[in-house]
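User: I have a model open and want the reasoning behind the labels. Please take me through them one by one.

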Amino acid sequence: MLLLAIFLAPIAAAVIAVLAHGKDADQGAGDAVHRLGLVLSLVIAAFATPLALGHGGAFDVAWFSVPGTEAVIHLKLGTNGVTAWMVQLIAWLTPFAILGGRGVAGGRMREYVAAIFFCEAMMLGAVLARDLVLFYVCYEAMLIPMLVLLAIFGGPERRQAALWFVLMTMLGSVPLLVAIWVIIAKLGTTDLAMAIEGLRSGAISAGTQNWLFWAFALAFAVKVPLVPLHAWQARTYSEVPGGAAVLLAGAMAKLGVYGFLVFVLPMFPQQSAQHAQLFIVLGVVGAVGGAVVALAQDDAKRMLAYSSLSHLGLVVTGIFTFQQAALDGAVIQMVAHGLSAAALFLLVGAVEERTRSPYLDDHGGFASKAPLFTILFVISALAAAGLPGTANFAGEFLLLLGAWQSAPWIAAVAGLSVILGAAYLLTLVQKWCYGTAPEGRAEITDLTTREALSVVPLLAASIWLGFQPGVISAYGGKSAGQMAEPARAAAAALKAGPTPAAVETAAPATAEK
Amino acid sequence: MEPVALFPLLAPILIVLAGGLLALAAEPFLQNEAKHRWLPWIVACSMIAAAIAEVFAPVGHLQGMFANDHARRWLSLAVLGAAACSMGGLQQTLSRDRFAGGESYALAAMATVGVLGMIASLDAIAFFVSVETAALAIYALVGLRRHRAESNEALLKYFVMGAVFSGIFLYGTALMYGATGSTRFGAEIIAGRESYALLGAALMSAGLLFKVGSVPFHAWAPDAYTGAPVAVTGLMGAIIKVGGFAGLGALWLGLAAGHPVALDAAIVPSAQARMLMEPLQLLIVISAILSMVVGNFAALKQTSVRRLIGYSAIAHAGYMTLAFVLPGAGEAIDLRPLWLYAVGYALATAGALTAVAALAGTEDAKDDLAGLHGRGRQAPLYGLALTIFLASFAGLPPTLGFIGKFSILQQVVNYGGWMIALVGLVAAVAGAGAYLRLVVQLWAGSPKDVPAVGIQTLTRWGVATSAVLVVALVAWPRPLPLGKPAPAVQAATMLPAAAPPAVVK
């Protein structure tokens, strides 16, 4: 029941926000909705916290049946370590998304808060879902509020950005839906655990399984995004308003990684092991390439977009090494990157709100004009760059360690992304905080208390988790390890060559085909 | 299916008919303003009363001519809901335009009566009479703006082509009668006359595919949709298509069973029936694929919302037609995904176009993308509802449109047609691009100038109710026709067919 409450509470909050009375153009009403949204989101986050301690149980009720098959689609929710930490990330980032939205939303706070809550509900539904159709429903439905947020509050190129974002993500999900239908048709179930069992039992031929694997992988690769599929990312991130970027970059992008961990690896261990090299290479290309491209950006939001590409590329690389250290690191980095990216987007958003310009060359000398901003900005940048003492360090260190255990070259090449990461983030800090403001630019004012308060807890959490990464890895890393176990075994079998045992297990699959 | 008495079975139809006649009788005694104030309420209330009667209407058949079952009940409820919602749009449009005369409301009621008859028909003749009742009323509504050239063009195109395809349908019925000795949807084919039956069924299908606007019988749809007032477009798009598919479904299941059946029955076709249905399936599936591709991609280029919905209606006809893909030998035909889709489609279409009608201003001048710029902000109820309806058209969860597409395409994959499903989905993404462009336009910026609005209460309630239903029925879909299929009707419980004509040697 706790899980159902966590899933439904944001929907209820969205409805409350819509019904909140008063002319929304008037300042007082906007503030009231803002405060209401903040309180509700904090309450939801507080209710979600016990999940991280292993509470939650499960929820399962029949939803509807598909004509023509035995399959009954269930409203089935469940949790494990990775889910629990994703829930923490989503639930705790939402208050900051609402805080960060007060400036951009202006007189349209009602729409903003409602869209953010609906988005939160769908993201929570997607991570809690243990039924393929329920997952798909939430995974697609989260696009609508994000589209509305982009369309109402986005930058000047928002229409293009919105269409790129939604259409690329939808195109990625098309094969996923067909794959779910094939699973329903062949296995007669949409339950995740039963689908995993059915796929292992060999009820679906190896060729079809291969095809299903690619369908699932494509959907998640677009969301992460992995390298050839990243065209939407920089466009979208540079147009999305600061507050919504907290959810988009901080949480939504992680759902792709989450999909690889919770769906792809357990459902298709054999195929994951076979194609692990490819995903490692794509991840490394994303990690290093993203960092190089970020170095060349003159727009801070685009830089952060490519920085996300780089960091999440590293996470995907780590996952596909199947090493326990890398999996611990992946879960830690998902949370850590969520926190640091959210902080950076909020701060860049604050600058953009004041000056209407996110460009690197348009600003300078913040250190003397806006000391509070500078302090927080430097800490966020260092956290994102993986300074020891922040959660990002723990995450990246473990990811690279796992990569090294798998093959030293991966760690050696991927390590470049960490160095480059420090380079572009420090360039950004140097340009904006030091030197002098360019001619003809208005002086910047320092952060307000509200803005500072919306960043400090994120950084505090990042530092706390930097010293206590075991909090995440003990539960989250363990679950990730369990889910990757079959894939690890399959990879080991592949590496060992066709041993008699492997041939024996492979035989039924080929015979069935 | 048991024989039942006339009154409870046809009560919904009779109630709407009475409402329409009452509106017609009251019309001359009212001032122009009062006409637009009261007449739509009379008709809408009769539709709501009819919906209540439909809930309590018994399952059974009347003289083998009309019938009611769970699927028909849902389709009728969807049609009544969509029509009642459209009455709001019509009221707003006509009062805003200061239209002289209130017969339009009675015409809308007659169109609804016709469509309810189409849904209930078990017999091609009963069906044909119902089709014409609906079509004549709709023709008049399409040409409501007599002074506008595009209205006249739409009317002429729709009327002439409609007449031709009515003839084709009738010719098919005649051939079917020759082949079976019965005009029922589904009858034993007299040995040696299979080819007449095939030709007859093909012509009947072509007539019905015209009614639902499938490619290549779609040429009228975009023009008729654009020429009609937005509110009429909503009514026509929502209800005529449901009626047409009910007829196609009754024909198809009747062919499979050899006798008339409930629309939610699962029928295993005999080998002989499959011989007849396989060539027909080819016609229908090709039409479905073409419709999905043409409709969705053409929708991408449209700027007028009516035209966009016109092409989108073609695309939706394609998805619905996919329900007629035959399962493997020995497996049962189950059309319930189609009924599910139709319910969602009717509610969303009527709701969306009623909302657009409310936003479009005098003479619907602002129904294009530029005219709707920022209107979501200015009219949040319509904006939010329109977003939900468009998401439903795009097949995005959590809307009925998603469940409909999901069920239909899932069934196609189940029958081995995953390539068709993939084509359908890719086309759906293109369609989604068209709808999302409109959503973005709706929420971006602030409106430049806000046109006049008419009387709003009915419109608001209609749009809000449809929007809530489109989402709420997904959260709780149990009442929808999704459970176990209805037991097939035993031929013995039907009235005996008329004596077959003597076989000519």
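User: Where is Pro216(B) found?

Analyst: This is a predicted model. In it, Pro216(B) sits in the loop between helix H7 (194–212) and helix H8 (220–227) of chain B.

User: What makes the peptide bond from Val215(B) to Pro216(B) cis?

Analyst: Its omega is near 5°. Most peptide bonds are trans. A second case is the bond from Pro397(B) to Pro398(B), which is cis with omega near 0°. Pro398(B) also has a loop position, between helix H14 (380–394) and helix H15 (400–414) of chain B.

User: What is notable about the phi of Phe322(A)?

Analyst: Phi of Phe322(A) is near 60°, a positive value, and the residue is not glycine. Most residues other than glycine have a negative phi. Phe322(A) lies in the loop between helix H15 (300–319) and helix H16 (324–355) of chain A.

User: Why does Phe322(A) count as buried?

Analyst: Phe322(A) has 26 C-beta neighbours inside 10 Å. The cut-off for buried is 20 or more. Therefore Phe322(A) counts as buried.

User: And Arg356(A), buried or exposed?

Analyst: Arg356(A) has 11 C-beta neighbours inside 10 Å. Exposed means 12 or fewer, so Arg356(A) counts as exposed. Arg356(A) is not a glycine, yet has a positive phi of about 60°. Its place is the loop between H16 and helix H17 (366–369) of chain A.

User: How do you know whether Ala287(A) is buried or exposed?

Analyst: Count the other C-beta atoms within 10 Å: there are 30. Buried takes 20 or more, so Ala287(A) is buried. Ala287(A) is part of helix H14 (residues 276–295) of chain A.

User: Which residues does Ala287(A) touch, leaving out those up to four places away in sequence?

Analyst: Ala287(A) touches Ser310(A), Gly313(A), Leu314(A), Thr317(A), Ala414(A) and Ser417(A). Take Thr317(A): it is 30 residues from Ala287(A) along the chain, and their C-alpha atoms are separated by 8.8 Å.

User: Why is chain A called as compact as a globular protein of its length?

Analyst: Compare two values. The radius of gyration of chain A is 22 Å, and the globule rule gives 24 Å for 513 residues. The two are close, so chain A is as compact as a globular protein of that length. Chain A has 24 helices and two strands. Its C-alpha atoms fill a box of roughly 75 × 55 × 40 Å along the principal axes.

User: What share of chain A counts as buried?

Analyst: Of its 513 residues, 63% count as buried. As for contacts with a separation of 6 or more in chain A, 82% come from residues 24 or more positions apart.

User: How many residues does each chain give to the contact?

Analyst: Chain A gives 29 residues and chain B gives 32 residues. On the side of chain A, strand E1 (59–65), helix H5 (132–141), helix H6 (143–153) and helix H7 (158–187) each supply at least two residues. H7(A) has the largest share, 15 residues. By type, the side of chain A that touches chain B divides into 23 nonpolar, three polar and three charged residues.

User: What is the confidence in chain A?

Analyst: Chain A averages a pLDDT of 87, and 94% of the residues score at least 70. Over residues 506–513 of chain A, pLDDT stays under 50. For that stretch the model has nine contacts beyond four places in sequence.

Key:
Residues are numbered from 1 along each chain as its sequence is written. Chains are lettered from A and ligands numbered from 1 in the order in which they are written. This is a predicted model: local features need pLDDT of at least 70, side-chain atom pairs count only at pLDDT 80 or more; totals for chains, interfaces and linings use all residues. Two residues are in contact if their C-beta atoms, placed from the backbone, lie within 7 Å. Helices (H or I, at least four residues) and strands (E, at least two) are DSSP runs, numbered from the N terminus. Ala, Val, Leu, Ile, Met, Phe, Trp, Tyr, Cys and Pro count as nonpolar, Asp, Glu, Lys and Arg as charged, and the others, Gly among them, as polar. pLDDT is the predictor's confidence in each residue, from 0 to 100. The radius of gyration is taken over C-alpha atoms; the globule rule is 2.2 Å times the number of residues to the power 0.38.
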